Amino acid sequence: MRMALNLSACLNVVLAVGFVACVLSTSDRSLGSAVSRVRNTHMVIPVTPSMRVKTGIRRAPISPKSTARLDFLEAKPYFDKSTIPVNTHKNKAPLTAKVVSVERIVGPKATGETCNIVIDHEGKMPYWEGQSAGVIPPGIDPKRNKPYGVRLYSIASTRYGDDFTGKTMTLCVRRATYWDPELGREDPAKKGVCSNYLCDAKPGTELALTGPAGKVMLMPEEKPETPIIMLATGTGIAPYRGFLRRLFVENTEAAEKFKGLAWLFLGVANSDALLYDDDWKAMQEKYPEKFRYDVALSREQKNKKGGKMYIQDKVEEYGKEVFELMNLGAHIYFCGLKGMMPGVLGAMEGVAKSQGVSWEETLQKWKKAGQWHVEVY
C-alpha cells in the first residue's frame, strides 16, 4: 500500500513538471513571437559615416535638427555684419587651442587623404560662416631658418560648432604629399608641413590659431530669399558645410527665414573622394525645394563631349538655370584649387554667348552687385 502511494506521488510530480515545462515552452514561443511582432513595426535606419560615433568625436549628424534655439552668437539683427569678428588673434599672439578629434572622411580609393578635424577654442575665437582660421605649425622652416608661417584653412562649421556650444570649430584638411617619379614613392621632404601636422594630430594636441580672417565668403543673409550657388573642388567644400548646416541643421533665425535655393556643385576625382556626401543627400531628401546637389566625378563620369567630367562641365550643363538665378540676384561662390577658375569662367562665357549677351558686361554687373565671391588657392 505504502509503495503504491509513493509511486502515485512520483507520477504526480512527473506530470506536474511536464505540465510546467510545456507552459514555459509555449510562453517562450509566444513571447518570442510578440517580440518579433514589435520589432517588425520599427524601421531599421542605416548608419551613415557621418553618424558613426567614435572616441573623442563630437561631430553632429544632419538628423535630428538641433532643437535648442541657437541665438547666443547672433548679431542684432542676425544679418548685421558690422560686428563680425576679424583677426581677434594675430600671428605674434596666436590662441592656443586643442584638437578634439581627427577623422578620415574619404574612402580607400580616394586620390589622397582628407580629414575632418574638430578643434576646441573654448569660445575664445568666435567666427562667422565663410571665414578662415590660421594654423601655425611648430618647428623651423629650413628654407628661411625661421619659424613656419601661418597657413589659412576655410572653417567647415557654423559659428556654433558641430556640438552647438560655440566653443569648437571644424577644419576639412587634405594631407599634402608629393610623389617623386624618380624615387617611385612619396618624398617626405616635400610633404605639406601643416596639413600633415593636422592630419597626424591626436586628441589633446595643442594648436596655435590665428584669425578669424576674411569677409569675401559671407552669406547674403540680409535677403533670405536670395539663391546661393556654391562651387567647390575637394576641400573647397569647407565654407559651404558651414553655410548648409546653418540653413538646414541648426535652429536659428537664419534657418527659419531662409526662403531661397541653396545649390551645391562639388567636383572630385571619384565617388570615394566625395566629402560629406551622406549629409548632402540627406539634406536633398529632406529639403528638395530648397537644396540641390550635383557632383562632377572626373574619373567616373563623362561630359557631353566624351571627356572627363569636371565642375565646369556641370556649370555648362546647367548654365541656363545658373544665369537665370544670377539675374534674379543669386550669389555665386567659388572655393577650392585656383585651377578650377579658367575652366568655369570659360564655361560661363560660353553660356553668355549662347544667350547673346556680353560676358564681360555680365560679369562686371554681378561683381558690382556683390554677387560674385571667390576664394581659391
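Contacts, sheet and helix in a predicted chain

Among contacts in the chain between residues at least 6 apart in sequence, those joining residues at least 24 apart make up 73%. The model is a predicted one. Its secondary structure comes to 9 helices and 15 strands. Of the 377 residues in the chain, 46% are buried. The area that the chain exposes is about 20100 Å², and carbon and sulfur atoms supply 57% of that area.

One part of the chain to look at is an open sheet of 5 strands. Its strands pair in parallel, in the order 13-12-11-14-15. At the edges are strand 13, residues 291-297, and strand 15, residues 372-376, each of which pairs on one side only. Direction ignored, neighbouring strands of this sheet are turned against each other by 10° on average.

Strands of a sheet pair through backbone hydrogen bonds, and the pairing is either parallel or antiparallel. Within this sheet, strand 11 (residues 228-233) and strand 14 (residues 331-336) run parallel and are joined by 5 bridges. To find a point along this pairing, start from A232: the residue opposite A232 is C335 in strand 14.

Helix 3, which spans residues 238-248, packs on the sheet. The helix touches strand 11, strand 12 (262-268), strand 13 and strand 14. The direction of helix 3 makes about 145° with that of strand 11.

Methods: Residues numbered from 1 in each chain as written. Predicted model: local features only at pLDDT ≥ 70, side-chain atom pairs only at ≥ 80, totals over all residues. Heavy atoms only, no water. Pairing = 2+ DSSP bridges. Helix = DSSP H or I, 4+ residues; strand = E, 2+ residues; numbered from the N terminus. Axes fitted to C-alpha atoms, helices over the stretch in contact; angles between N-to-C directions. Contact = heavy atoms within 4.5 Å. Buried < 20%, exposed > 50% of the residue type's maximum accessible area, 1.4 Å probe, protein only. Areas by Shrake-Rupley, 256 points an atom, 1.4 Å probe, with all protein chains shown as cover.
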